[in-house]
Amino acid sequence: MPSGTDRDTKWKGSREAWLDAAFELLLDSGVDSVRILPLAKRLKVSRTSFYWFFKDREALLDALIERWREKNTQGLVRQTEAYAESITEAILNVFDCWLDPGLFDSPLEFAMRSWALQSEGVSREIDIADEMRIEALTRMFERFGYAPLAANVRGRTIYLTQIGYISMKTQEALEVRMQRIPAYVEIFTGQPPRPQELQRFQARHGYALETTD
């Protein structure tokens, strides 16, 4: 027989379930669709159960922003700080973000930037995030001996290139992107990646170059 806690969870859902459903609506239809009644119907729970977890819709939207901040901004910052023996390996750590949605969620980034077009508050959050991310990339280059201005310009170039990919909803097959990665690394750092660095990067993303006998 289900416990009282199990029954309560089924009736109310959970905070994470409400947030997950809100993210799905945000991604599918934009922030205007993120409303309590549609979320309750999606979760098949009582509308009033929303208030066990959030004061109001604004509190839910604030929680969405916080989750995006942790997922994308902190995810990117952590990758810039990951162990690397060379700047080229460090860049490949950052490139993990563009291929692993567990580190950086590109559709979510697009949805947040679309939301920012109609919200000054979210626009300010985007500005703060952009500054933090570029600063993290700048520090990464500085750790490997680049002068401050060069480090900042290279960091900005990497970041703005990827935001361009996201804003344009650019789609590339994994094979195509992997073929371009070495050239991107050399353009961004001035150095070609070492074969072993590329091999480790490719292995992390389940890609292996075909070889011929």
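With 53% relative accessibility, K169 falls in the exposed class, since that class starts over 50%. In this predicted model, K169 sits in the loop that links α8 to α9 (174-189). The backbone is a bit unusual here: K169 is not a glycine, yet has a positive phi of about 50°. For background, most residues other than glycine have a negative phi.

K44 tells a similar story elsewhere in the chain. K44 also carries a positive phi, about 60°, without being a glycine. The loop between α3 and α4 (57-80) is where K44 is found. Its relative accessibility comes to 75%, so K44 counts as exposed.

Stepping back to the whole chain, the fold is all about helices: ten of them, with zero strands. Reading along the sequence simply gives α-α-α-α-α-α-α-α-α-α. Taken along the principal axes, the C-alpha atoms fill a box of roughly 60 × 45 × 30 Å. Of the 213 residues in the chain, 42% are buried. Among contacts with a separation of 6 or more, 67% come from residues 24 or more positions apart.

As for the surface, about 12000 Å² of the chain is accessible, and carbon and sulfur atoms account for 53% of that. Charged side chains number 28 positive and 32 negative, and the centres of the two sets are 6 Å apart.

L39 offers a look at the buried part of the chain. This leucine belongs to helix α3 (residues 36-43). Its relative accessible area is 0%, so L39 is buried, the cut-off being under 20%. Setting aside neighbours within four places in sequence, L39 touches W18, A21, A22, L25, V34 and L60. D20 is 19 residues away from L39 along the chain, and the C-alpha atoms of the two are separated by 9.7 Å.

One helix pair is worth describing as well. In general, two packed helices are described by the angle between their axes and the distance between the axes. Helix α6 (residues 106-116) packs with helix α8 (residues 148-167) at an angle of about 85°, and the axes are 9 Å apart. That angle makes α6 roughly perpendicular to α8, because the roughly perpendicular class covers 65 to 115 degrees. On the α6 side, the residues involved are S106, E109, F110 and R113. Their partners in α8 are Y159, Q162, I163, I166 and S167.

Technical notes. Residues are numbered from 1 along each chain as its sequence is written. This is a predicted model: local features need pLDDT of at least 70, side-chain atom pairs count only at pLDDT 80 or more; totals for chains, interfaces and linings use all residues. Side-chain values use heavy atoms; hydrogens and water are left out. Helices (H or I, at least four residues) and strands (E, at least two) are DSSP runs, numbered from the N terminus. Buried means under 20% relative accessible area, exposed over 50%, partly exposed in between (1.4 Å probe, protein chains only). Contact means heavy atoms within 4.5 Å. Accessible areas come from the Shrake-Rupley method with a 1.4 Å probe; for residues, only the protein chains shown count as cover. Lys and Arg count as positive and Asp and Glu as negative; His and the chain ends are not counted. The place of a charge is taken as NZ of Lys, CZ of Arg, CG of Asp or CD of Glu. Axes are lines fitted to C-alpha atoms, for helices over the stretch in contact, and angles run from 0 to 180 degrees between N-to-C directions. Angles under 35 degrees count as roughly parallel, over 145 as roughly antiparallel, 65 to 115 as roughly perpendicular and the rest as oblique.
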